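Reader: I would like a close look at a single part of this structure, taken slowly, with each term explained as it comes up.

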Amino acid sequence: MKYFAPSTVEEAAGLLAQPNTKVFAGATDVIPQIRAGRPEPEALVDLKKIDRLVSVQRTDAKWVIGAATPTARLTGNAELAAEFPGLVEAAGLIGSDQVQSRSSLGGNLCNASPAADSVPAMVVNGVRAVIATPGGGTRTLAVEDVPAGPGRTNLVPGEFVVELEVDRAPARTGDAYLRLIPRTEMDIAVVGAGVRVTLDESGTVTDARVALGAVAPTVVRVQAAEAALIGSKLDDAALAAAAAAASAACNPIDDKRGTIAYRTHVAGVLTRRAAVIAGQRAAEKNGASR
Amino acid sequence: MSRIQVSCTVNGDPVDFLCDADGSLLNTLRDELGLTGIKEGCGTGDCGACSILMDDQLHCACLIFAPEATGTTITTVEGLADGDHLTPLQECFLEGAALQCGICTPGFLVAATALLKHNPNPTETEIRYALAGNLCRCTGYDKIVRAVREAAAQMREASA
C-alpha cells in the first residue's frame with residue numbers, strides 16, 4: 001500500500017484518479033476494516049493535511065465544516081454547539097475521547113453505517129455535502145442523499161466529500177439527537193432519532209424535520225412525523241402521532257442489539273423525546289435571532 | 001516497496017524512523033523506538049491500551065498509520081514522568097493500587113493526564129466518561145477513578 005498526504009483538494013482529486021485508491025480522514029473505520037480482512041487498497045490518500053478539510057468557519061449565511069475535521073473540535077466549539085446543540089451532541093457520541101480526536105462528519109457520513117450518529121442530526125439540519133469531482137469541480141448533495149446502503153454511498157469513484165455546510169439556524173429553532181445503546185458509552189446505536197423544530201412567536205411549530213438512524217439500510221427522513229408536528233404546539237396528540245409515524249417508517253434488522261419490534265418501538269419513543277427537547281431549545285431561543 | 005521516512009518529536013526528543021505505509025504508529029513506537037509501555041489490546045480503537053498524546057490530543061496509536069506522525073509531537077507513558085520523579089497521577093495509581101495486571105495502566109495514565117490538563121477538577125461522572133475509551137478487566141474501575149480524583153486534588157493544592 002502507498003500513503004499520500006496531499007495539501008490541496010486538487011492534488012487529492014488527481015491522486016484519486018489512480019485505480020484502487022481511497023481517501024481516509026480519521027481511519028477509525030478503515031484500519032479496523034483492514035485488520036478484519038478487507039483487502040488493502042493500492043493507495044490511501046490522507047485528507048487531514050488539506051487545510052480546507054480541517055476547519056470550521058461561520059459566515060452570516062452558513063457554517064462550513066471541513067469533512068475531515070475531528071469531532072473533538074466541534075464539541076469544543078461553543079458557538080456551533082449553541083446554534084446546533086443536537087448536531088454537536090450527535091457528533092460527540094461517536095466513540096471515546098480517543099476516537100473523537102480522529103472521527104469526522106465526512107468520515108461518519110461516507111463510512112455509510114446505518115447507525116452513524118451524526119447523520120440523522122445532519123439531515124434534520126439540512127446539512128449539504130460539498131463533493132469534489134474528478135473533473136476538478138464540485139457538486140453538492142443533501143446529506144440524506146449520500147448513503148446508498150450499508151457501507152455504500154452515491155459518490156462515484158474519484159469523488160470525495162470536501163466539506164459539510166449548513167445554513168444558519170432560523171430564529172426560535174432547536175435541534176436534538178437521542179440514541180439508545182445497551183451500554184452507557186462506547187456502543188453502536190440501536191436506534192438514533194434527530195428532530196429539529198422551528199416555532200412561531202406563539203410557540204406553534206412552523207417547520208419540523210425528523211430523521212432516524214439504525215432502523216433501515218440508510219438514514220430515514222420521516223415526513224409523516226414532520227407533518228404531525230407542524231401546526232402543533234408539541235402537545236401530547238401531536239407527539240403521539242409523530243411517534244407512531246416514526247415507528248411506521250422503520251425497516252430495521254434483527255440483531256443482538258435489538259429485535260425488529262424493539263427497534264420499531266424505540267424509534268417512536270426517541271422521536272417523541274427528541275421533539276420535546278428540540279421544542280424546549282427552540283423556545284429558549286425565543287426572540288434571539290440565533 | 002521503499003519505506004517512508006518520518007520525522008517527529010517523541011517524549012521531547014526529535015526522532016526519525018522508517019516505516020511502511022500501512023504500518024501502525026503503535027507497532028512503530030514499540031518495535032522501532034522501543035517504547036513498550038504502550039500496549040496493544042484490541043488493535044481496533046476500543047480498549048485504549050495504546051493511548052498516546054499526539055499534538056496534545058488523546059489518540060489510540062493503533063488507529064494511526066505510522067506515516068501520519070510526520071511533524072507531530074507525541075507523548076507516550078514513558079514521557080509523563082520527569083526521570084525517576086513520577087507525576088502525582090502515577091503516584092496516586094501506585095498508592096491507591098489502581099492496577100492489577102497492569103496492561104491497561106499506561107493507557108489509563110495517558111488518558112487521565114489528558115483529562116486533567118483541560119479539567120483540573122473533574123467530577124466522578126466526568127472521569128468515568130473521559131476514561132470510557134479505556135478498558136480494564138481487573139479492577140472494576142473504582143480504584144482508578146479514585147486515583148484520578150486524588151491526583152486532581154493534589155495537583156490543585158500544589159498549584160494553589
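Author: A residue is called buried if 20 or more other C-beta atoms lie within 10 Å of its own, exposed if 12 or fewer do, and partly exposed in between, with the C-beta atoms placed from the backbone. Helices (H or I, at least four residues) and strands (E, at least two) are DSSP runs, numbered from the N terminus. This is a predicted model, in which local features need pLDDT of at least 70 and side-chain atom pairs count only at pLDDT 80 or more, while totals for chains, interfaces and linings use all residues. Residues are numbered from 1 along each chain as its sequence is written, and chains are lettered from A and ligands numbered from 1 in the order in which they are written.

The part to look at is helix α2 of chain B, residues 88-95, whose buried residues are B:L89, B:Q90, B:C92 and B:F93. These buried residues are on the same side of α2(B), because they cover an arc of only 160° around the axis, the arc being that of the directions from the helix axis to the C-beta atoms. On the other side of α2(B), B:L94 and B:E95 are exposed. The buried residues of α2(B) pack against α3 (105-118) and α5 (142-159) of chain B, where two residues are in contact if their C-beta atoms, placed from the backbone, lie within 7 Å. After α2(B) comes B:A97, whose phi is positive, near 50°.

To place this helix in its chain, note that chain B is divided into domain 1 (4-79) and domain 2 (88-159), with bounds that come from an automatic or database domain assignment. The centres of the two domains of chain B, taken over C-alpha atoms, are separated by 22 Å, and 13 residues of domain 1 are in contact with 11 residues of domain 2. On the side of domain 1 that touches domain 2, the largest share, 3 residues, comes from strand β3 (residues 51-54) of chain B. That side of domain 1 divides into 8 nonpolar, 4 polar and 1 charged residues, where Ala, Val, Leu, Ile, Met, Phe, Trp, Tyr, Cys and Pro count as nonpolar, Asp, Glu, Lys and Arg as charged, and the others, Gly among them, as polar.

Chain B also meets chain A, with 21 residues of chain B in contact with 20 residues of chain A. On the side of chain B that touches chain A, β4(B) gives the most, with 4 residues.
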